Structures are given as structure tokens and as C-alpha cells.
Amino acid sequence: NARGVALSRQDTEDVMTQLDGAAESSTTSMQRDLQAGHVSELPWLNATVVEMAAQAGVEVPFHTIATAVMSLFARRGHV
């Protein structure tokens with residue numbers, strides 16, 4: 001919302017329904033890339049969310065922590 005993107009409550013509910021329907025064993029492509037030691041889309045997804053939120057003056061603690069932790073994991077896989 002702070003960046004001019006209006007998402008409705010229904011948009012959020014639709015995404016949550018989709019996620020709730022995923023199998024427990026499901027993984028994301030980013031998770032599979034990080035586990036395999038491949039370059040992931042972390043800098044272009046989560047890190048961008050953190051940067052854009054900071055520019056808009058919005059706190060995104062989950063993405064901030066997740067990006068920091070996954071960045072350490074990613075660096076470990078590329079050493």
C-alpha cells in the first residue's frame with residue numbers, strides 16, 4: 001500500500017488459501033537453490049522487499065530477518 005499497490009483482503013485470502021493447500025513436503029525454488037549451493041533469487045526477491053519497504057518507511061521484520069539468515073546460508077554455499 002505504501003508504494004501504491006492496492007491489495008484487497010480477498011487477494012490476501014486467496015494467497016493464503018493457495019499456500020494452505022500446498023503439501024507439507026513442498027519447497028520453494030529458492031529453498032532448493034540454496035540447499036544445492038546454487039545462486040538463488042534471494043537478492044531480487046526478499047532483499048528487494050526489504051529495500052523498498054525501507055524507502056517507504058515500512059517495517060518488514062520477517063523479510064529483514066529471513067533475508068539476513070538466508071544470505072548467510074547462501075554465502076556458505078558459494079564459498
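Colleague: Which helix holds Q31, and is Q31 buried, partly exposed or exposed?
Modeller: In this predicted model, Q31 lies in helix α2. Its relative accessibility is 33%. Buried means under 20% and exposed means over 50%. Because 33% falls in between, Q31 counts as partly exposed.

Colleague: How far apart in space are Q31 and V15, C-alpha to C-alpha?
Modeller: Along the sequence, Q31 and V15 are 16 residues apart. In space, their C-alpha atoms are separated by 19 Å.

Colleague: Where is L34, and is L34 buried or exposed?
Modeller: L34 sits in helix α2, residues 29-36. Its relative accessibility is 8%. The cut-off for buried is under 20%. Therefore L34 counts as buried.

Colleague: Which residues does L34 touch, leaving out those up to four places away in sequence?
Modeller: One part of the chain to look at is S71, 37 residues from L34 in sequence. The C-alpha atoms of L34 and S71 are 9.4 Å apart. With residues up to four places away left out, L34 touches S40, M70, F73 and A74.

Colleague: Why does S40 count as buried?
Modeller: S40 is in the loop between α2 and α3. Beyond four places in sequence, S40 touches M30, D33 and L34. S40 counts as buried because its relative accessibility is 8%.

Colleague: Which residue offers its backbone nitrogen to the side chain of S40?
Modeller: The S40 side chain reaches a backbone nitrogen at 3.1 Å. A polar contact needs N or O atoms within 3.5 Å. The backbone nitrogen belongs to L42.

Colleague: Which side chain makes a polar contact with that of N46?
Modeller: N46 is found in helix α3. N46 is buried, with a relative accessible area of 11%. Leaving aside neighbours within four places in sequence, N46 is in contact with M30, H63, T67 and M70. The polar contact is 3.2 Å, and the partner side chain is that of H63.

Colleague: Within what arc do the buried residues of α3 fall?
Modeller: In α3, N46, A47 and A53 are buried. Seen down the helix axis, the buried residues line one face, because they fall within an arc of 130 degrees.

Colleague: What phi does G57 take?
Modeller: G57 comes just after α3. The phi of G57 is positive, about 75 degrees.

Colleague: Which residues does V60 touch, not counting those up to four places away in sequence?
Modeller: V60 is found in the loop between α3 and α4. V60 and V50 are 10 residues apart along the chain, with C-alpha atoms separated by 6.6 Å. Not counting residues up to four places away, V60 touches V49, V50 and A53.

Colleague: Which helix gives the most to the lining of the largest pocket?
Modeller: The lining includes V49, M52, A53 and A56. The lining also includes V60 and H63. With 4 residues, the top contributor is helix α3.

Colleague: How do the lining residues of the largest pocket divide into nonpolar, polar and charged?
Modeller: Among the lining residues are N1, A2, R3, V5 and L7. R3 counts as charged, because Arg is in that class. The full division is 9 nonpolar, 2 polar and 1 charged.

Colleague: What is the volume of the largest pocket?
Modeller: V58 is one of the residues in its lining. The volume of the largest pocket is about 480 Å³.

Technical notes:
Residues are numbered from 1 along each chain as its sequence is written. This is a predicted model: local features need pLDDT of at least 70, side-chain atom pairs count only at pLDDT 80 or more; totals for chains, interfaces and linings use all residues. Side-chain values use heavy atoms; hydrogens and water are left out. On a 1 Å grid over the protein atoms alone, a cavity is a set of points where a 1.4 Å probe fits but cannot get out, and a pocket is an open set with protein on both sides within 12 Å along at least five of seven lines; lining residues have an atom within 4 Å of a point. Grid points are joined across faces, edges and corners, and a volume is the space filled by probe spheres set on the points. Helices (H or I, at least four residues) and strands (E, at least two) are DSSP runs, numbered from the N terminus. Buried means under 20% relative accessible area, exposed over 50%, partly exposed in between (1.4 Å probe, protein chains only). Contact means heavy atoms within 4.5 Å. A polar contact is a pair of N or O atoms within 3.5 Å; within protein, one must be able to donate a hydrogen and the other to accept it, and residues adjacent in sequence count only if both atoms are side-chain atoms. The arc is that of the directions from the helix axis to the C-beta atoms.
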